[in-house]
Amino acid sequence: LLQQKIQFAILGLGDSNLLLDRQHTTAKDCNQVAQVLDARLEKLGGYRFCERGECDERTGLLEVDPWIEMLVGKIKECL
């Protein structure tokens with residue numbers, strides 16, 4: 001178990017364009033790997049440093065910059 005020995009931050013980069021069989025898709029639909037990894041690290045006792053980000057190529061990955069800004073803010077808080 002990680003037991004608070006590791007901090008983690010996860011940003012999923014998905015592409016809902018690849019899910020052509022669905023009428024409506026979002027970043028949540030194409031970031032299952034990020035979701036599973038996040039849950040597993042938490043279950044093993046890791047400390048989530050910041051909220052998981054989920055991005056979608058279909059939206060031009062607009063979610064990336066705000067997530068990075070949030071991560072940098074959290075890092076600055078620790079300094």
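Biologist: What share of the contacts between residues at least 6 apart in sequence join residues at least 24 apart?
Modeller: In this predicted model, 67% of those contacts join residues at least 24 apart.

Biologist: Which pattern does the protein follow along the sequence?
Modeller: The order is β-β-α-β-β-α, made up of two helices and four strands.

Biologist: And how much of the protein counts as buried?
Modeller: Of its 79 residues, 30% are buried. The accessible surface is about 5,700 Å², and carbon and sulfur atoms account for 57% of that surface.

Biologist: Let us turn to α1. What should helix α1 span at 1.5 Å a residue?
Modeller: Helix α1 covers residues 32-43, and its twelve residues should span 16 Å. The end C-alpha atoms are 16 Å apart, which agrees with that expectation.

Biologist: Which residues of α1 are buried?
Modeller: Ala-34, Asp-38 and Leu-41 are the buried ones in α1. They lie on the same side of α1, because they cover an arc of only 70° around the axis.

Biologist: Why would residues spaced like that point the same way?
Modeller: An α-helix has 3.6 residues a turn, so residues three or four places apart point the same way.

Biologist: What covers that buried side?
Modeller: The cover over the buried residues of α1 includes β1 (7-8), β2 and β3 (47-48). On the face turned away from the buried side, α1 carries the exposed residues Val-33, Val-36 and Lys-43.

Biologist: What is found just after α1?
Modeller: Gly-45 is there, with a positive phi of about 105°.

Biologist: Asp-38 caught my eye. Which side chain does the side chain of Asp-38 join in a polar contact?
Modeller: The partner is Arg-52, through a polar contact of 3.0 Å between the two side chains. The side chain of Arg-52 also makes a polar contact of 2.8 Å with that of Glu-54.

Biologist: Where is Arg-52 found?
Modeller: Arg-52 sits in the loop between β3 and β4. Its C-alpha atom is separated by 9.3 Å from that of Phe-8, although the two residues are 44 residues apart along the chain.

Biologist: How does Arg-52 count in terms of accessibility, and why?
Modeller: Arg-52 counts as partly exposed because its relative accessibility is 24%, and the partly exposed class runs from 20% to 50%.

Biologist: On to the strands. In which sense do β2 and β4 pair?
Modeller: β2 and β4 are parallel, and they pair over four bridges. One of the bridge partnerships links Leu-11 with Gly-53 in β4.

Biologist: Which residues of β2 point to the buried face?
Modeller: Gly-12 and Gly-14 point to one face and are buried, whereas Leu-11 and Leu-13 point to the other and are not buried. In a regular strand the side chains alternate between the two faces of the sheet.

Biologist: Now α2. How far does helix α2 reach from its first C-alpha to its last?
Modeller: Helix α2 (residues 64-78) has 15 residues and reaches 21 Å, close to the 21 Å expected at 1.5 Å a residue.

Biologist: Which residues of α2 are buried, and what covers them?
Modeller: Val-64, Trp-67 and Leu-71 are buried. These buried residues line one face of the helix, because they fall within an arc of 70° when seen down the axis of α2. Their cover includes β2 (11-14) and β4 (53-56).

Biologist: Which exposed residues does the face turned away from the buried side of α2 carry?
Modeller: That face carries Asp-65, Glu-69, Lys-76 and Glu-77.

Definitions and conventions:
Residues are numbered from 1 along each chain as its sequence is written. This is a predicted model: local features need pLDDT of at least 70, side-chain atom pairs count only at pLDDT 80 or more; totals for chains, interfaces and linings use all residues. Side-chain values use heavy atoms; hydrogens and water are left out. The expected span of a helix is 1.5 Å times one less than its number of residues. Buried means under 20% relative accessible area, exposed over 50%, partly exposed in between (1.4 Å probe, protein chains only). The arc is that of the directions from the helix axis to the C-beta atoms. Contact means heavy atoms within 4.5 Å. Accessible areas come from the Shrake-Rupley method with a 1.4 Å probe; for residues, only the protein chains shown count as cover. Two strands pair if DSSP finds at least two bridges between them. A polar contact is a pair of N or O atoms within 3.5 Å; within protein, one must be able to donate a hydrogen and the other to accept it, and residues adjacent in sequence count only if both atoms are side-chain atoms.
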